[in-house]
Each structure stands twice: as structure tokens, then as C-alpha cells.
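Colleague: I'm new to this one. Could you take me slowly through what surrounds the ligand, and then carry on to the parts of the chain beyond?

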Amino acid sequence: MMEAKVRLYVDQPLAPGQAVALTADQAHYLFSVMRLGKGAPVALFNGRDGEWRAEVAEAGKRGGVLVCDVQTRALLMPPDLWLLFAPIKKARTDFIVEKAVEMGARRIVPVQTRHTNSERIRQDRLQAHAVEAAEQCGGTFVPEVADLMALDRLLVGWPAGRRILWCDESLVGAQAGLSGAEAGPWAILIGPEGGFSEGEKAKLRAMPAVLPVSLGPRILRADTAAVAALALWQASLGDWR
Ligand code: SAH
């Protein structure tokens, strides 16, 4: 059996013999860019049913049909970890979303803090980046990218039982580590280039759910800090163990 060269996310059910209709964009990508023809294998996932081997049944200019054959991988859910981050410049924000998917975050939440540089994000564009990252890294799950939320509001309605790993730049130089922390639902919180405001720090310090953490002896840029914190959490409490 030929190995699939293309992995594609589709928002449709996947099951043996299931036909999957392609959008114009997907058809363009498979047939014009990747030059696949009838009978070519494609790996499909939808975030729910694992990964499936499918074959091109119809190839058209503006559409096409794939037919599912067998499941090639079971669904691998990332641990119950959210990444909260203050959006920065466009390319670096894209990078954070891409890396959060690769590193195995379950939900990605852009937060507006006092010193957040950007007031708006394009949620749909960031969600599309998450899909692309999952296609590329072999993931079978696509985390939701939430709309931009104000940090204050998010903290007021914070769900009971979910802990917050607060990457606190004022702890720079302290020992980094999560010793003693228990597995369970968590969220990582990364601040903007300007850091957290005094008011935000006071609020975070007062919350029992919050565990402040250092990311070592150097101040990292927000995008680096996001990847470092995800690695630290995954290795201590997540699916790297
Ligand atoms: N301008 C700020 C740094 C912001 S860095 C200052 O100079 O203090 C962006 C974010 O990355 C921070 O808000 C924090 O969440 C995280 N971060 C960067 N380096 C860190 C470190 N050494 N320890 C903990 N968090 C860090």
C-alpha cells in the first residue's frame, strides 16, 4: 500500500467507506499543488476520530471526493492544558499558536493584559494556523483558539479546579521547576513584552489556583517563554512523562 504524502484536516465524520467531500481550497491543494490523482492515498483526521487512510475517488478543479479506508491512528488527546498568552506581533503570535499545537496544548486563549501590544487578533486566521500545525506535526487533535479575552475578566470567572502556572518574570533567576505540583487541569500564563502590571501581579498572587514559576536565569521573549513553559509542564505533569 502506498504511503500517504499528504495529511489533511477535514471537518467531517471519518469511518470505513465514508465519502468525504472536499472544499475548493482542499481540492486545489491536493490536485493542483500536490498533483495527486485518482487512487492516491491521503491521511485524514478531524480532531475526533483519529487518523484515517483515504483514497482520492474524484478529482476536480473546484472539488473532489475522498473515500476512507482504515483507521491508521487512534485519537491522541493532549493533556488538559490551556495556554494563555498576551498576543504580540503577528508573526510571533502565529509562532506561539503553531508551537502550542506541536507541544500539546488542548486550548489556546489569547488574553488582553494591561501592557498587551495588540488590541485585536484574527481568531479565524489563528485557528487556521492551529489546523496547519496539527496537519504538519502528525497530531490528531486541533486545539480551539479562543477569541481575545480580557485577563481581568477571565480571572474573575476562573473555573474551580484548574490551576494556573504563572510565568512570572520577576522570579527570573529563581530555580525553575514544578516540584510538588499535581497533575490535573492546568493553564500556563505568559505575559506580554512589557510584562504584567502591578495590579495584575497582585491579583494573581492572591489567587490560590496560581503557582508562580521562574523560567530560568534569563528573561525570555514571550514566544520563547511559551515554548519553554509548555516543555516544563509536559515533562513534569503532562504526556512527556
Ligand atoms: N519586559 C518584561 C519581560 C517580559 S517577557 C521584563 O523585562 O520584566 C514576556 C513574558 O515571558 C513574561 O511576562 C513572562 O510570562 C515570561 N517570561 C520571560 N522570561 C521569564 C522568566 N525568566 N521567568 C518566568 N517568566 C518569564
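Modeller: Sure, let's start with Gly216: one of its backbone N or O atoms sits 3.4 Å from a nitrogen atom of the ligand. That fits the cut-off for a polar contact, a pair of N or O atoms within 3.5 Å (within protein, one must be able to donate a hydrogen and the other to accept it, and residues adjacent in sequence count only if both atoms are side-chain atoms). Glu193 also has a backbone N or O atom by a ligand nitrogen, at 2.6 Å, while Gly191 has one 3.0 Å from a ligand oxygen. On its own the ligand has 560 Å² of accessible area, and the protein covers 85% of that (Shrake-Rupley method, 1.4 Å probe).

Keep in mind that this is a predicted model: local features need pLDDT of at least 70 and side-chain atom pairs count only at 80 or more, while totals for chains, interfaces and linings use all residues. Residues are numbered from 1 along each chain as its sequence is written, and side-chain values use heavy atoms, with hydrogens and water left out.

Back to the ligand. There are 19 residues around it, and Cys167, Glu169, Glu193, Leu215 and Leu220 come nearest (a heavy atom within 4 Å puts a residue on that list). By type, the shell has ten nonpolar, five polar and four charged residues.

Now for Trp166 and Phe196, an edge-to-face aromatic pair with 5.9 Å from centre to centre and 85 degrees between the planes (ring centres within 6.5 Å make a pair; planes under 30 degrees apart are stacked, over 60 edge-to-face, the rest tilted). Trp166 belongs to strand β10 (residues 163-167) and Phe196 to the loop between β11 (186-190) and α5 (198-206), so the pair ties together parts 30 residues apart in sequence. Both Trp166 and Phe196 are buried, which here means under 20% relative accessible area. The structure has three aromatic pairs in total.

Last stop is Thr116, in the loop between β7 (107-112) and α3 (123-137). Thr116 has a relative accessible area of 7%, so it's buried too. Its side chain reaches the backbone nitrogen of Thr113 at 2.6 Å. If you skip neighbours within four places in sequence, Thr116 is in contact with Ala86, Pro87, Val111 and Pro192, contact being heavy atoms within 4.5 Å.

Terms used: Helix = DSSP H or I, 4+ residues; strand = E, 2+ residues; numbered from the N terminus. Buried < 20%, exposed > 50% of the residue type's maximum accessible area, 1.4 Å probe, protein only. Nonpolar A, V, L, I, M, F, W, Y, C, P; charged D, E, K, R; others polar. Phe/Tyr/Trp six-rings, centres within 6.5 Å; stacked < 30°, edge-to-face > 60°.
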